[in-house]
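The following account leads through one protein chain, strand by strand and helix by helix. Please keep the sequence and the coordinates at hand while reading.

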Amino acid sequence: MTNVCSSRAAAAPAPAPLERYLTLQTGLDLLDQGLSIFDRDLRLVAWNKAYVRLLDFPEEMVYLGAPFESFIGYNARRGEYGPGDPDALVAERVAAARTFATHEIERVRPDGRVLRIRGEPVPGHGFVTLYLDVTEQRRAERIIRDHAAELEARVAARTSALQRSEERMRLIMDSIPALVAYFDRRRVYEYLNRGYRDWFLVDTARPECASAKRFLGESVYAVVKPHVLRALAGETRSFEYELFTHEGQRRAVRTSLVPDHGPDGSVAGCFELTFDITEEKRSQALLARAHKLESLGHLTGGLAHDFNNILTVVIGNLAALADERPADPALPEYVEPALEAARRGADLVRGLLSFARRQPLQAAAVHVGALVETVARLVRRSLPETLRLDVDVGDAALWTWIDATLLEQALLNLVLNARDACGADGRISLRARAAHIDATVAAPLQLSAGDCVRIEVEDTGSGMDEYTLAHLFEPFFTTKAPGRGTGLGMAVVYGFIKQSGGAIDVRSAPGRGTTVTVWLPAAEPPAPDAGPDEAGTGVPRAADRGLALLVDDDAQVRRAIRRSLLELGYVVLEADSGAEALKLLANTPGITLLLSDVVLGGEIDGSAVAQAARTQGKAGAVVLMSGNAPGDLPRLAGIPLLTKPFTSEQLGRAIEEGTPS
Ligand code: ADP
Ligand code: MG
C-alpha cells in the first residue's frame, strides 16, 4: 500500500479535470485566432477571448450554452452580413450551420477589418470555427497590388509618352530643312527622314532598302564614299559637294557624318546630317561678284572718263576740220572714217560710264506697269512671229523713282538678249509686281529690305552655263559672234540698276531658260495734280501737247530725242525713213508736231517730209534737225533747223518757232 502510495508520491500528480480545463482555456485565450465550438444543437460549448474580441460581441452574450442563432441574429442586426432582411439572413446561416460542412470564408466587417473564418465539423458533436484577423495581410496585399497596378499604369503611360515623343521626334526630324539619316556599320540605313523622300523619292518607311549609290548616282557617291568609310572608322567628317535631286535640280550641300560609338567603344553606325547650302553659296557668290564688278567699275569708270575727254577733243577737232574744208577731197577719205570711228568709240565709252554708274540720270516717279507694256509694244515688232511674248503687270499701281528712258532701254536689252537665246521659237514673259523683300534676300543683293517693285524677264531659251553666269555683267563679255554682240548690254543694265538703287539677279541653267529679276525701290505715286498722263506712259509730262511724229534713221538718236519730246508733253510716234513718215502723216489723224532729221536713208529726205506736212496742213508745228552745222543745209521758210545735240529747252523753242501763227 505504502509502496503503492510511495510509488504514486514519486510521480507528479495528474491535474484535476477542472484545473486542466482552466489551463486549456488560458492557453486558448493566449491565441491570436478566435475559436468557438458549438455542439450539435448549435449551442456554444467553448470559445476564447480572441473570439469575443475579434467579433466584438458583448460579454453577456457569450456564455456556455448560448445559442448559435443569438450570435447570428446579433450580427445580422448590426449589418455584419450586409443589407437584407435580418430574419432571412439568420435563417439562411442557421440552415447552413446545420449541415456541419467544412467551410472557409472571408468576411469584411463594417469597421473594415477582414476576418478569415474556417469551420470544421466535429463529427457527431458539432463544429469548431476559427477566426483569423487578416486585415493587415490583406492590406499589405492590396498595397502590393495597387503598387503593381500603378507601376503598370506608369509603364503604360511612359510607353505611350515614348511613342508620342518618338512621333514628335519624327515630326521634328521631318520638318527640319535638312536630310537626317542613320546607317549601321554595314552601311545599311536604319533611319531616313522625309528629306530623302522629297529629294530622291526614297521610301523612308523602308530605310534598309535604300541605296545611297542608287539615289545619289555613281559619280556623287564616289565623292561621298571615302568620307563614309572614314566616319565608320571613327572620324567625324564634314564636307561639301553637289548632288542632283530626282527632279534634276543641282544642289550644293554640306554633309556631316558623326560616328555612333557602341557601349564597347566600337563604331556601331553613323549619323548623317545634310544641309542645302545652295542659297548660301549663291549669296556668297553674289556678294563676291558685286565686289568684283564694283572694283571693275572703278577701274573702267576712271578710264572711260579720261577716254571720253580724249574722244571729245578728237571729235571736236575732226568736226571742226570738216567744217572748215567742206570741199576737200581728203574729207571723205580720211576725216570722215576717223570721225565715224571716234563716234563709235564714244558710244562704247558711254556704255562703260553707264556700267561704272557715272551716267547722268533724269529720275522721276515712273509707273512701272505702263512702262513695261510700252517696252513690250516697242519690242514686239523686232521679234520673230513664232516667238511668244507674254506680259503680266498685274493691276496694282507700281511706282518707282527712276530714269524712265534708261529703264526702257534696260528692259529692251533684256528682252533682246532673251530673243537671242530663244532663237525662232520659245516664250518670253515680262512681269512686274509689287514685292516685299526681306533682309535675307536683300543682303546679298546689297539692297535695303522693304517694299519694292520686281520686274522679271523670263525666257525659255538656251540658258547659261556657270561660266557665262559668273561673267555676264562684265563689260565686253559676250558669247555671241563678233558683230552680233558687244557684250555691253548686261554691263549697262547692271550699272544703271545699281545706280538707281536697285538690284539685278539672274537665274539660269543650260537648257532650262533664264529669269532675270530686277528689284527697284518702291516710291510714292506723284501728287494727283501732276496730271493724268503720268499714269499712262510712265513719264512725267508738263502738259498734253498731242502727238509728235519723230523721224530719224538712227534708233539711238530717236530714243534720245523721244525723251525730250515726252518731257515736253508729247505722245511720240516714230518713223525711221522718209517713206514711212509720209505714210504715217497720211494715215494718222491728230499729229501736232513733225520733227525730222534732214538726212534720211532712202529716197525721201527730211526736207521733203517737212514740205509734205506743211502743204498737206497735216502737222501743226514742223521742225527739222541735223547732225551737221546749220550753214551747210538749204533752209526752208518758217521751218527751224536744230543742230544735234540739243537740249529740251532748245527743242521747245524751235517748236514754238516752227508753229505757224
Ligand atoms: P551681248 O548681248 O552683246 O552678248 P550682253 O551683256 O547683253 O552682251 O550679254 C552677255 C552675255 O550674256 C551674252 O553674250 C549671253 O551669253 C549671255 N546672256 C545674256 N542674256 C541671256 C539670256 N537671256 N539667255 C542666255 N544667255 C544670255
Ligand atoms: Mg545683249
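Arg237 has Leu257, in strand β9, as its bridge partner. Strand β8 (residues 237-244) and strand β9 (residues 250-261) run antiparallel and are joined by 8 bridges; two strands count as paired if DSSP finds at least two bridges between them. Helices (H or I, at least four residues) and strands (E, at least two) are DSSP runs, numbered from the N terminus. The two strands form a hairpin with 5 residues between them, and Gly248 in the turn has a positive phi of about 85°. In a regular strand the side chains alternate between the two faces of the sheet. Along β8, Arg237, Phe239, Tyr241 and Leu243 point to one face and are buried, whereas Ser238, Glu240, Glu242 and Phe244 point to the other face and are not buried. Buried means under 20% relative accessible area, exposed over 50%, and partly exposed in between (1.4 Å probe, protein chains only).

The model is predicted: local features need pLDDT of at least 70 and side-chain atom pairs count only at pLDDT 80 or more, while totals for chains, interfaces and linings use all residues. Residues are numbered from 1 along each chain as its sequence is written, chains are lettered from A and ligands numbered from 1 in the order in which they are written, and side-chain values use heavy atoms, with hydrogens and water left out.

The domain assignment gives domain 1 (15-154), domain 2 (178-276), domain 3 (280-355), domain 4 (364-521) and domain 5 (546-657); these bounds come from an automatic or database domain assignment. The C-alpha centres of domain 2 and domain 5 lie 71 Å apart.

Helix α10 (residues 278-324) has 47 residues and reaches 64 Å from its first C-alpha to its last, close to the 69 Å expected at 1.5 Å a residue; the expected span is 1.5 Å times one less than the number of residues. Among the buried residues of α10 are Leu286, Leu293, Leu311, Ile315 and Leu318. The buried residues of this helix pack against α11 (330-355), α15 (466-471), α16 and β16, where contact means heavy atoms within 4.5 Å.

An open sheet of 5 strands follows the order β12-β14-β15-β17-β16, with mixed pairing. Because β12 (387-392) and β16 (503-508) stand at the edges with a single partner strand each, one side of each is left without a neighbour in the sheet. The twist averages 15° from one strand to the next; axes are lines fitted to C-alpha atoms, for helices over the stretch in contact, and angles run from 0 to 180 degrees between N-to-C directions. Helix α12 (residues 368-380) packs on this sheet, touching β12, β14 (426-437) and β15, and its direction makes about 165° with that of β12. Helix α16 (residues 489-499) touches β16 and β17, at about 140° to the direction of β16.

A further open sheet of 5 strands has parallel pairing and the order β19-β18-β20-β21-β22. Its edge strands, β19 (571-575) and β22 (641-643), each pair on one side only. Strands β20 (residues 591-597) and β21 (residues 621-626) pair in the parallel sense over 5 bridges, and Ser596 has Leu624 in β21 as its bridge partner. Helix α20 (residues 606-616) lies across β20 and β21, running at about 175° to β21.
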